[in-house]
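Trainee: I should like to take one part of this model and look at it closely, together with its surroundings. Please treat the matter in one connected account.

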Amino acid sequence: GRTAVVIPAAGRGVRLGPGAPKALRALNGTPMLIHAVRAMAASRAVALVVVVAPPDGAPEVKNLLDAHALPERTDYLVVPGGDTRQESVRLGLDVLPETIGTVLVHDAARPLVPVETVDAVIAAVLDGAPAVVPALPLADTVKEVEPREKGAPEPVLATPERARLRAVQTPQGFDRDTLVRAHETVAVGGEGATDDAGMVERLGAPVVVVPGHEEAFKVTRPIDLVLAEAVLARRRA
Ligand code: C5P
């Protein structure tokens, strides 16, 4: 089958500060979402990109895609999203044509992932892994705590061995049937699952990690915008 990418871009991005939905904020004058779509369409293996827009923002996002130059060998679809990331991804999966056998899920908030990482994830799925996650070792030591209200000291419960931890990125790649089954069977409360591979794990299916990339970092806080624009400037130099 062919490969499609679902890009959940329906989040408000409150941690980035006030303003437009995160995916529509500009990096060097171009919306983050357009950078993310281009990063996916840069892979020759990607036949279709499905953008999941804010629930009331699908026409605006459609206009945005039409207004920017995108590779013509790729098809583009825009669908309205949901209240949680998990719901938004499911709404994207719902519109995939039957010809699609491999699905990548990529956060609009990771606009600068290099095509080599995209291709490595696709290759690992085509090699037979039902779920593939790009990830990097951690620089920081990580502690598990007993969460308390903001600012209050939090008791430490455990310190996992850092060498065994990975910080996971996107695009995450899946055998289509495996991901659809995960979304049909795994109910997650509250904000929903923060990552699609986690839902596949709960299904009991194997998930593997491949090397991620520094430039696939998530634009979450204001300082990440500074870093992203510096990466773009370096690419143009
Ligand atoms: O909030 P977070 O940074 O984890 O969001 C990751 C991605 O999920 C973003 O691209 C965001 O737009 C998307 N998202 C979504 N629908 C929601 C919430 C988040 O598509 N309801």
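Which residues of helix α5 (residues 176-185) are buried?

Mentor: The model is a predicted one, with an average pLDDT of 94 for the protein and 98% of the residues scoring at least 70. Its ipTM is 0.93 and its pTM is 0.94. In helix α5, the buried residues are R176, T178, L179, A182 and H183. A residue counts as buried if 20 or more other C-beta atoms lie within 10 Å of its own. An α-helix has 3.6 residues a turn, so residues three or four places apart point the same way.

The next matter is what lies against the helix. The buried residues of α5 pack against two helices, α3 (85-93) and α6 (196-203), and against the strands β6 (100-105), β7 and β11. These three strands can be taken in turn.

Strand β11 (residues 172-175) pairs with two of the strands discussed here. With β6 it is antiparallel, over 4 bridges, and within that pairing L104 stands opposite G173. With β7 (residues 131-137) it is again antiparallel, through 2 bridges, and F174 of β11 is the bridge partner of A131.

Strand β6 also pairs with strand β1 (residues 2-8), in the parallel sense, through 5 bridges. Here V5 stands opposite L104 of β6. L104 thus faces V5 of β1 as well as G173 of β11.

Strand β7 has further partners. It runs parallel to strand β12 (residues 208-211), with 4 bridges between them, and P134 has V210 of β12 as its bridge partner. It runs antiparallel to strand β10 (residues 166-168), with 3 bridges, and A135 stands opposite V168 of β10. In a regular strand the side chains alternate between the two faces of the sheet.

Beyond β12 the chain enters a loop that leads to α7 (222-236), and H213 is found in this loop. H213 is partly exposed because it has 17 C-beta neighbours inside 10 Å, where 20 or more would make a residue buried. Leaving out residues up to four places away in sequence, H213 touches P134 of β7 as well as V113, P114 and T117. The C-alpha atoms of H213 and V113 are separated by 7.1 Å, although the two residues are 100 apart along the chain.

The largest nonpolar core has 58 residues, of which V6, I7, L33, M40, V49 and V51 touch the most other members. Helix α1 (residues 32-41) gives the most to this core, with 8 residues. The contacts of V51, leaving aside its neighbours within four places in sequence, are I7, A9, L33, V37, V61, L65 and V78. V51 is thus in contact with both I7 and L33, which are themselves among the residues that touch the most other members of the core.

The loop between β4 (46-53) and α2 (58-67) holds G57. G57 is partly exposed because 19 other C-beta atoms lie within 10 Å, against the 20 or more required of a buried residue. G57 and V79 are 22 residues apart along the chain, and their C-alpha atoms are separated by 9.1 Å.

Finally, there is the ligand. Of the 18 residues around it, P8, A10, G11, S88 and A108 come nearest. The shell divides into 7 nonpolar, 7 polar and 4 charged residues. Among the nearest residues, P8 falls within the range of β1 (residues 2-8), and S88 within that of α3 (85-93), one of the helices against which the buried residues of α5 pack.

Technical notes
Residues numbered from 1 in each chain as written. Predicted model: local features only at pLDDT ≥ 70, side-chain atom pairs only at ≥ 80, totals over all residues. Pairing = 2+ DSSP bridges. Buried ≥ 20, exposed ≤ 12 C-beta atoms within 10 Å, placed from the backbone. Contact = placed C-beta atoms within 7 Å. Core = buried A, V, L, I, M, F, W, Y, C linked by C-beta atoms within 7 Å. Near = placed C-beta within 6 Å. Nonpolar A, V, L, I, M, F, W, Y, C, P; charged D, E, K, R; others polar. pLDDT = per-residue confidence, 0-100.
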